[in-house]
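Please examine the arrangement of the chains and the packing inside them. The questions and answers below take the chains in turn.

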Amino acid sequence: MIRFDRLSVTYGGKSVFANFSFQPALHAITCLMGRSGVGKTSLLRIAAGLQQPDDGCVIRPEGRVGYVFQEPRLLPWFTVEENLMWLLPNRSVQRKARVRALLDAVGMGAETALYPAQLSGGMKQRVSLARAFLMSPRFLLMDEPFQGLDKQTRMNMYGLLLSLWEAEKPTVLLVTHDLEEARTLGHHIIKLTGSPVTGYTELANKRMNMEDEWNEPSIRTEQLA
Amino acid sequence: MTIWRSVCSLVVCMAVISGCASNAEQSVQQEEAIKVTVLTPKSPALVSTMLASTLNDEVVSMEVKTWDTIEQLLAVVQDGEIPFVIAPLNIGANAYAQGLPLQLVDVNTWGAMYLISLSPDVDELADLEGEAVYIPGRGGPPDLLTDYLLSKDQISEEVERVYAAVPEIMQLLASGEASHAVLPEPVLSGLRAQSDHLTEVLDYDAVWQQMFGGSLPQAGLFVQREWAAQHPEAVQAVHAKYTEAVARIEQDAAEAVQLSAELFGMPEEVLTQAMQRLPLQVMQASEARAEVEQYFSILLEASPDSIGGQLPDEGFYYQFE
Amino acid sequence: MKASTTNLNKRGYLYTGIGLVTVWGIVAIAYPAVVLPSPYETLLALLELSRTAQFWHSLGVTFWRLTAGFGLALVSGVLLGSLVGHKLVAYQLLRPAVLVVQAVPPVSWMLLAILWFGVGGGAQIVVVFLALFPIFFFHIAQAVRQLPTDLLEMAKVYETGWIKTIRAIYVPAMKPYWISALAITVGMGWKTIVMAEVISGQTGVGAVMNTSRIYLQTDEVMAWSFVVACLGVVSEAIVRKLSGGERHDPIR
C-alpha cells in the first residue's frame with residue numbers, strides 16, 4: 001500500500017501542504033493535476049524519499065522505485081547505453097540485451113553510443129523514460145514526463161507506458177498539466193485543491209477497487225518527524 | 001627573456017659606442033675632473049668609500065652606488081659603465097678567471113670576521129663540539145675558512161655547520177634558535193649591542209696573523225682593465241683618496257660614520273664601535289699580492305671553484321706607474 | 001581533426017624550442033659565459049653535473065621534500081576542502097584564513113619558516129605545504145560544492161549504492177578540479193621547493209644552485225634551472241596523462 005498521511009510541508013516559509021492525506025490506488029496509473037506551483041513535484045519527491053515532510057508520514061510499497069524527473073538527469077560523461085547499463089547489477093545476465101530492447105522501444109536504438117550533450121531535449125527525455133522502466137519498478141513516479149515531446153512521439157510514449165504498465169502493473173503517480181493526457185493514461189485523475197493543499201477532488205475513476213484483486217505487498221513505513 | 005636580452009645587448013652596444021666617444025672627448029679637455037662611480041657592497045669598505053667620495057680633487061669626482069647580490073655586481077661589470085667596484089677578493093678572482101676584465105687595485109678590507117657564541121658555556125673552539133654553528137653562505141670564504149680552522153684544531157667533524165644568509169642568522173640568534181655563528185663586522189657590533197652575553201670564540205684575523213704573520217685580506221677595490229689603461233691618473237687619484245680617507249678615519253671616525261650609518265641601516269654609535277674593531281688599511285694590490293695569494297691558496301685547496309679553479313695570474317694585480 | 005591539431009601542437013613546441021635555443025645561442029655570443037652561458041656550455045655543464053653523485057643526491061633530497069610538502073598539502077587540503085564544501089558555515093569561516101595564507105608570498109613564508117622551524121629542512125617542506133594547500137583546499141571545496149545534486153538524487157532513487165555512485169558521479173564530476181589542482185600544484189611545487197632551498201638550503205637542488213651562483217658558475221645555474229623546469233613540465237604532463245585530461249589552452 002502507499003499512503004500520504006496528514007502531510008504538512010512548508011517550502012521557503014510558505015505552507016504547501018497542510019494536513020494532506022491521500023492514498024493512491026495500487027497497480028494503477030494515477031494522474032495528478034493542479035495549478036502549477038501547487039506542490040505536485042514536492043509530493044513526488046516526498047514519495048521517493050528525496051524530501052521530508054515537516055509533519056505526517058508516507059507509507060511506500062517495498063520494491064524498486066522508478067522516477068522520471070522533469071529534467072532528464074542523465075550522466076553527461078556516459079553514453080546513452082552506459083547511462084542505463086550502470087544502474088543494472090554487474091552480474092545480471094543479458095543486461096545489454098535488456099538495455100538495447102528498452103532503448104529500441106523508446107526509439108533510441110540508433111543513438112546508443114551518443115552522449116547526452118549530442119541529443120535533443122526530447123531524445124534525452126526518452127532515455128530518461130527507458131531508464132525508469134529499466135529496473136521493473138513497483139512504484140513509478142513521473143513528473144511531466146512527456147513535456148516537450150512532439151505529438152507523434154508523445155503518442156508512441158503513451159503506448160509504450162501503457163504496454164510496460166500492462167507487463168508489470170506498477171503503481172504509477174504521473175504529474176501532468178494535460179487533461180487529454182490524463183484521460184488517455186490515468187485510471188484515476190486527481191486534482192490537488194486548496195492553498196496550501198489540504199485535499200483533492202477525483203476528476204475521473206476508470207476502474208473500481210482494482211487493488212482488491214492483488215495481494216497487499218509488504219509495507220515499509222517511514223515515520224517522519 | 002631572450003628577446004629582452006637582445007634588446008639589452010643592443011642598448012649595451014650603443015652605450016659602449018657612445019661611451020667611447022665621450023671618453024675621447026674627456027681626454028681632450030683634461031682640466032675637468034673625471035666623474036667616476038664606485039660600486040660597493042654594504043660591507044666595511046662602504047665607510048671609507050663614503051668618506052673618500054667627499055674629498056675634493058681636480059682629477060676625479062667620486063660617486064657611490066651599492067650592490068646587494070652577485071648578479072647585480074656581474075651585471076655592472078659586464079655593462080662596463082661603472083669603472084670601480086668593491087668586491088670580496090674571491091669573487092673578483094673568480095670573475096677574472098671567467099674572463100671578466102677586472103683588476104685588483106687595493107685590498108681595503110681585512111679580517112673583520114668572528115666566530116661568536118651567545119651561550120655562556122662556550123669559551124673556546126673545543127666547547128663547540130656537538131654544537132651547530134651558523135655560517136653565512138655555503139662555500140663562501142666564511143665557510144671555507146671556518147672549515148680550515150676547525151680542521152687545524154681537528155674538530156671539523158664534531159661541529160655541525162648550518163648555512164643561512166646574514167639577516168636570517170641574526171634573527172635565529174635573536175630568537176634563540178641559534179647560539180653560535182660566524183659573522184662579519186659591522187653586523188656583529190649590531191648584535192653585540194643587543195646581547196648581554198657574547199663570546200668571541202674565534203677572531204679570524206688574529207688567528208691568521210699567528211699563522212701567517214699578516215692580516216687576513218677579505219675584499220678590495222677593483223677596476224675595469226681597459227678603463228684603467230686609459231685613465232691611470234684617475235686610478236692613482238682614487239687610490240690616494242682612499243689612503244687619505246683611511247688616515248682621517250683612524251684619527252676620527254665620526255664623519256665617515258655619519259656619512260654611512262644610514263646606508264648600513266644601523267645607529268651611528270653601533271657603527272662607531274664596529275669601526276674600532278676593523279683593521280683599516282689600504283694596500284696596493286702589487287704589495288698585497290703575497291697575502292692575497294696565501295689567502296687564495298687556502299680557498300683553492302678547500303674548494304677550487306671558489307676562486308675559479310686557479311690562482312689568478314700577474315694580470316689580476318693592477319700595477320701603479 | 002583532433003589528431004592533426006595535436007600534431008601541429010607538437011610541431012609547434014618543437015619549432016618554438018628550436019627558435020628559442022637559436023636566439024639564446026646568438027645572444028650568448030655577445031656575452032661572457034659568466035653572464036649568459038650559451039646553450040652548448042649549458043649542455044656541457046648539465047652533462048658534467050649529471051656525472052656527479054651530488055647531482056642525483058640533491059635531486060633525491062629535493063624530491064623527497066617536495067613529496068612530503070605535497071603530500072601534507074594534498075591530505076589536509078582534500079580533508080578540509082571536502083568539509084567546507086559540504087558546510088557553508090565552515091567555508092565562510094575558513095576561507096578568509098586560507099586566502100591570507102595564499103596571499104602571503106612564499107618568500108615571506110620562507111623567512112618566517114626559517115625562524116619557526118630552523119634551516120634544517122623542515123622550513124622548506126612547510127613552505128611547499130603552505131604554497132600548495134590553498135590550491136587543493138579551494139579546488140576540492142569548489143568541486144564538492146559543484147557536485148550535481150540532481151544526479152545524486154537520481155542515484156539515490158535508483159538505489160545504485162555508494163560504490164557505483166562514487167565511481168559514476170563523484171569521480172567524474174570532481175575530475176576537472178582534481179586535474180587542475182594536481183597540474184597546478186606539481187608544477188608550482190618544484191618551483192617553490194627550489195626557491196626555498198636557494199634562500200636557505202643546506203642540501204638539495206636550490207642549495208647546490210646557490211653554491212654555483214656564488215662561485216659564478218652561471219652555466220651550472222642555467223643547467224639546474226633547465227632541469228627543474230623540465231621536471232615541472234614532465235610532472236605536470238604525467239598528471240595529465242594519468243588523469244586523461246588535456247592541457248587547457250585558453251586560446252582554443
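**Chain contacts and packing**

Q: How far apart do the closest C-alpha atoms of chain A and chain B lie?
A: No contact (heavy atoms within 4.5 Å) joins chain A and chain B. Their closest C-alpha atoms lie apart by 42 Å. This is a predicted model, in which local features need pLDDT of at least 70, side-chain atom pairs count only at pLDDT 80 or more, and totals for chains, interfaces and linings use all residues. Residues are numbered from 1 along each chain as its sequence is written, chains are lettered from A and ligands numbered from 1 in the order in which they are written, and side-chain values use heavy atoms, with hydrogens and water left out. The separation asked for is 42 Å.

Q: Which chains share the most contacts?
A: There are 2 pairs of chains in contact. Of these, the pair that shares the most contacts is chains B and C.

Q: What is the radius of gyration of chain A, and what would a compact globule have?
A: The radius of gyration is taken over C-alpha atoms, and the globule rule is 2.2 Å times the number of residues to the power 0.38. With 225 residues, a compact globule would have a radius near 17 Å, which agrees with chain A. Along its principal axes the C-alpha trace of chain A spans about 50 × 35 × 35 Å. The radius of gyration of chain A is 18 Å, against a globule value near 17 Å.

Q: How many helices and strands does chain A have?
A: Helices (H or I, at least four residues) and strands (E, at least two) are DSSP runs, numbered from the N terminus. On that basis, chain A has 6 helices and 10 strands.

Q: Is A:Thr30 buried or exposed?
A: The place of A:Thr30 is in strand S3 (residues 29-33) of chain A. Leaving aside neighbours within four places in sequence, A:Thr30 is in contact with residues including A:Phe22, A:Val172, A:Leu174 and A:Ile190. Buried means under 20% relative accessible area, exposed over 50%, and partly exposed in between (1.4 Å probe, protein chains only). Because its relative accessible area is 1%, A:Thr30 is buried.

Q: What is the relative accessible area of A:Arg95?
A: A:Arg95 lies in helix H3 (residues 95-105) of chain A. Not counting residues up to four places away in sequence, A:Arg95 touches A:Met85, A:Leu88, A:Pro89 and A:Asn90. A:Arg95 is partly exposed, and its relative accessible area is 22%.

Q: Which helix supplies the largest share of the largest nonpolar core?
A: A nonpolar core is a set of buried Ala, Val, Leu, Ile, Met, Phe, Trp, Tyr and Cys residues joined through side-chain atoms within 4.5 Å. The largest such core has 88 residues, and A:Phe4, A:Trp86, A:Leu141, A:Met142, A:Phe146 and A:Leu192 touch the most other members. The largest share, 7 residues, comes from chain A, helix H4 (residues 121-134).

Q: How many residues are in the second, separate core?
A: This core includes B:Ile82, B:Leu125, B:Ala288 and C:Leu36. The number of residues in this second core is 64.

Q: Which residues of helix H6 of chain B are buried?
A: Helix H6 of chain B covers residues 166-175. Just after H6(B), B:Gly176 takes a positive phi of about 90°. The buried residues of the helix are B:Glu168, B:Ile169, B:Met170, B:Leu172 and B:Leu173.

Q: How many positive and negative side chains does chain B have?
A: Lys and Arg count as positive and Asp and Glu as negative, while His and the chain ends are not counted. The place of a charge is taken as NZ of Lys, CZ of Arg, CG of Asp or CD of Glu. The centres of the two sets in chain B lie 5 Å apart. Chain B has 13 positive and 47 negative side chains.

Q: What share of the exposed area of chain C do carbon and sulfur atoms supply?
A: The secondary structure of chain C comes to 10 helices and 0 strands. Of its 252 residues, 48% count as buried. Accessible areas come from the Shrake-Rupley method with a 1.4 Å probe, and for residues only the protein chains shown count as cover. Chain C exposes about 13,000 Å², of which carbon and sulfur atoms supply 71%.
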